[in-house]
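Student: Could you go through this structure with me? I'd like to start with the DNA and then move on to the helices and loops.

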Protein chains: 2
Amino acid sequence: MEELVPVLKRTKLFSGVGDENISTMLSCLGARLIKYKKGEYVLRQGEYLSDILVLAEGSLHIQKDDYWGNRSILGHIGVGEIFGEAYVAPDSGTLLNDVIAVEDSSVFFFDVKRVITTCSSACRFHTMVVQNLFFAISEKNRGLVQKLNYMSRRTTREKLISYLSEEAKKQNSSSITIPFNRQQLADYLSVDRSAMSNELGKMRDEGLLEFEKNHFRLF
Amino acid sequence: MEELVPVLKRTKLFSGVGDENISTMLSCLGARLIKYKKGEYVLRQGEYLSDILVLAEGSLHIQKDDYWGNRSILGHIGVGEIFGEAYVAPDSGTLLNDVIAVEDSSVFFFDVKRVITTCSSACRFHTMVVQNLFFAISEKNRGLVQKLNYMSRRTTREKLISYLSEEAKKQNSSSITIPFNRQQLADYLSVDRSAMSNELGKMRDEGLLEFEKNHFRLF
DNA sequence: TCCTTTCCGTTGTAAAAACAACCGACCTGT
DNA sequence: ACAGGTCGGTTGTTTTTACAACGGAAAGGA
């Protein structure tokens, strides 16, 4: 476990807590490290969860099977990412997704009770961890709300407009660079890549915008 | 302010904290009560926020104007609801939406620093409020993830299938009751009501499901 | 350099959705 | 009983999307 402490140092959960304090906190937080072989389940849909998890090594997929058995991959978890934190509330019900190891992986488990209940004053940085946890879930929240904003539009054009519009506000310029290539943008907005490319072409022809690769200019 | 304490008692933020303790906590949390006339802005897009808010009276709309000036209403805040909590992190940037009073309203402001930094032991219930806050944002998170799940499907049929499928799992039965009428369900899934009604009809004809009003049975 | 792969714009077709309009069933208040 | 309103199913038309297929530009490796 100790050899993976440097990884924890760089995570959002332990931001601002020095290495030397992390080792001390591990026991206070009830930390356990569990290793998974490629293909093994880390979490299963329908289980209850009482730990907050941090991926220390490897990579994971979040996936889901529906009532009729169709499987889809919802997302990816990389080293240092926090997950499971939205399902540890007493009334959160069971997990809705499976989490599976894409390669051999190691996961830290932190008992939520020991995380959110500040322990004795021995552990000065405990409060900071609780704050970090709150900020981390806040950040996820903001990302979800934004995406939902784009996705609730009916047409590809409207999705593009709302997305680019938001980026322009965020980057405070009508000339913006986006962090996606075409396929990724299409996936993000849940539309077909070629249809989206087509629509971008039309919008350019109509003088709404210009673009080159992942750089856009709005008019 | 005191006359609105009974409202706070029934909110998720103060769940488990007795009335008598709430009054005591208000000062410890740096609470302020601000009243708004109908039509006034409570929050503006582009502002930084350092308070967690709870609506005590009235009702609010969350709305948004895009780069080209089109306005849309994203949601509604009712009495007792917590809002703004996702934008108080130090690196959360500015607000993405406006919040406006639909009728005369009163809003409690709690300084986030005083909420998440546990105060001296005088305030036994402070820890509980922090937990409640975390659980509240968790709950929002889960709702957002679910909705995103449904909305990321390409066709109305797939959206319906994923939604009903999830409800069936949640209610642990193939016979389910949903909390929406047709228009609300269409709005929730961001599709056209009549097209959705049409699709439901086809799915029934194909033997995938049966329904009557807001009760569905899956096969 | 040549080969392969990735990226992305384009086109045509088939499928699906949006939209508008209409109708009947059911409430509710008068 | 009647008028007005809500709800939801149906239909036809138009618009938009998904899908499949292709080709050229650019990047990267052997």
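Student: Which base atom of DNA strand D does a polar side-chain atom of B:Arg193 approach, and at what distance?

Tutor: Bearing in mind that this is a predicted model, a polar side-chain atom of B:Arg193 lies 3.1 Å from a base oxygen of DNA strand D.

Student: And what about chain A, which phosphate contacts to DNA strand D involve A:Asp192 and A:Glu199?

Tutor: A:Asp192 uses a backbone N or O atom, which is placed 3.0 Å from a phosphate oxygen of DNA strand D, whereas A:Glu199 has an N or O atom in its side chain 3.4 Å from a phosphate oxygen of that strand.

Student: Which elements give two or more residues to the surface near DNA strand D?

Tutor: They are H5 and H7 of chain A, together with helix H6 (182-189) and H7 of chain B, and the largest share, five residues, comes from H7(B).

Student: How many residues surround DNA strand D, and which are closest?

Tutor: There are 18 residues around DNA strand D, the closest being A:Thr155, A:Thr156, B:Arg182, B:Ser197 and B:Asn198. By class, this surface has three nonpolar, eight polar and seven charged residues, and of the atoms of DNA strand D within 4 Å of the protein, 63% belong to sugar or phosphate, with the rest in bases.

Student: OK, switching strands: how many residues surround DNA strand C, and which are closest?

Tutor: DNA strand C is surrounded by 17 residues, and the closest are A:Arg182, A:Ser197, A:Asn198, B:Thr156 and B:Asp192. They divide into three nonpolar, seven polar and seven charged, while sugar or phosphate accounts for 65% of the atoms of DNA strand C within 4 Å of the protein.

Student: What do A:Ser197, B:Thr156 and B:Ser194 each contact on DNA strand C?

Tutor: A polar side-chain atom of A:Ser197 lies 2.4 Å from a phosphate oxygen of DNA strand C, and a backbone N or O atom of B:Thr156 lies 2.2 Å from a phosphate oxygen of this strand. For B:Ser194, a polar side-chain atom is 3.2 Å from a base nitrogen of DNA strand C. The elements that give two or more residues to the surface near DNA strand C are H7 of chain A, helix H5 (156-171) of chain B and helix H7 (193-205) of chain B.

Student: Which element gives the most there?

Tutor: H7(A) does, with five residues on the surface near DNA strand C.

Student: How are H5 and H7 of chain A packed, then, at what crossing angle?

Tutor: The axes of H5(A), residues 156-171, and H7(A), residues 193-205, come within 10 Å and cross at roughly 70 degrees, which means that H5(A) is roughly perpendicular to H7(A). On the H5(A) side the contact is made by A:Thr156, A:Arg157, A:Leu160 and A:Ile161, and on the H7(A) side by A:Met196, A:Glu199, A:Leu200, A:Lys202 and A:Met203. This contact has five nonpolar, one polar and three charged residues.

Student: Last topic, the loops: what is phi for B:Asn172, and is that residue buried or exposed?

Tutor: Phi of B:Asn172 is near 55 degrees, a positive value in a residue other than glycine. Most residues other than glycine have a negative phi. B:Asn172 lies in the loop between H5 and strand E9 (175-177) of chain B and is exposed, with a relative accessible area of 69%.

Student: And where is B:Lys213 found?

Tutor: B:Lys213 is in the loop between strand E10 (209-212) and strand E11 (215-218) of chain B; its phi is near 50 degrees, also a positive value, and B:Lys213 is exposed, with a relative accessible area of 67%.

Notes. Residues are numbered from 1 along each chain as its sequence is written. Chains are lettered from A and ligands numbered from 1 in the order in which they are written. This is a predicted model: local features need pLDDT of at least 70, side-chain atom pairs count only at pLDDT 80 or more; totals for chains, interfaces and linings use all residues. Side-chain values use heavy atoms; hydrogens and water are left out. Axes are lines fitted to C-alpha atoms, for helices over the stretch in contact, and angles run from 0 to 180 degrees between N-to-C directions. Helices (H or I, at least four residues) and strands (E, at least two) are DSSP runs, numbered from the N terminus. Angles under 35 degrees count as roughly parallel, over 145 as roughly antiparallel, 65 to 115 as roughly perpendicular and the rest as oblique. Contact means heavy atoms within 4.5 Å. Ala, Val, Leu, Ile, Met, Phe, Trp, Tyr, Cys and Pro count as nonpolar, Asp, Glu, Lys and Arg as charged, and the others, Gly among them, as polar. A residue is near a molecule or strand if one of its heavy atoms lies within 4 Å of it. A polar contact is a pair of N or O atoms within 3.5 Å; within protein, one must be able to donate a hydrogen and the other to accept it, and residues adjacent in sequence count only if both atoms are side-chain atoms. Buried means under 20% relative accessible area, exposed over 50%, partly exposed in between (1.4 Å probe, protein chains only).
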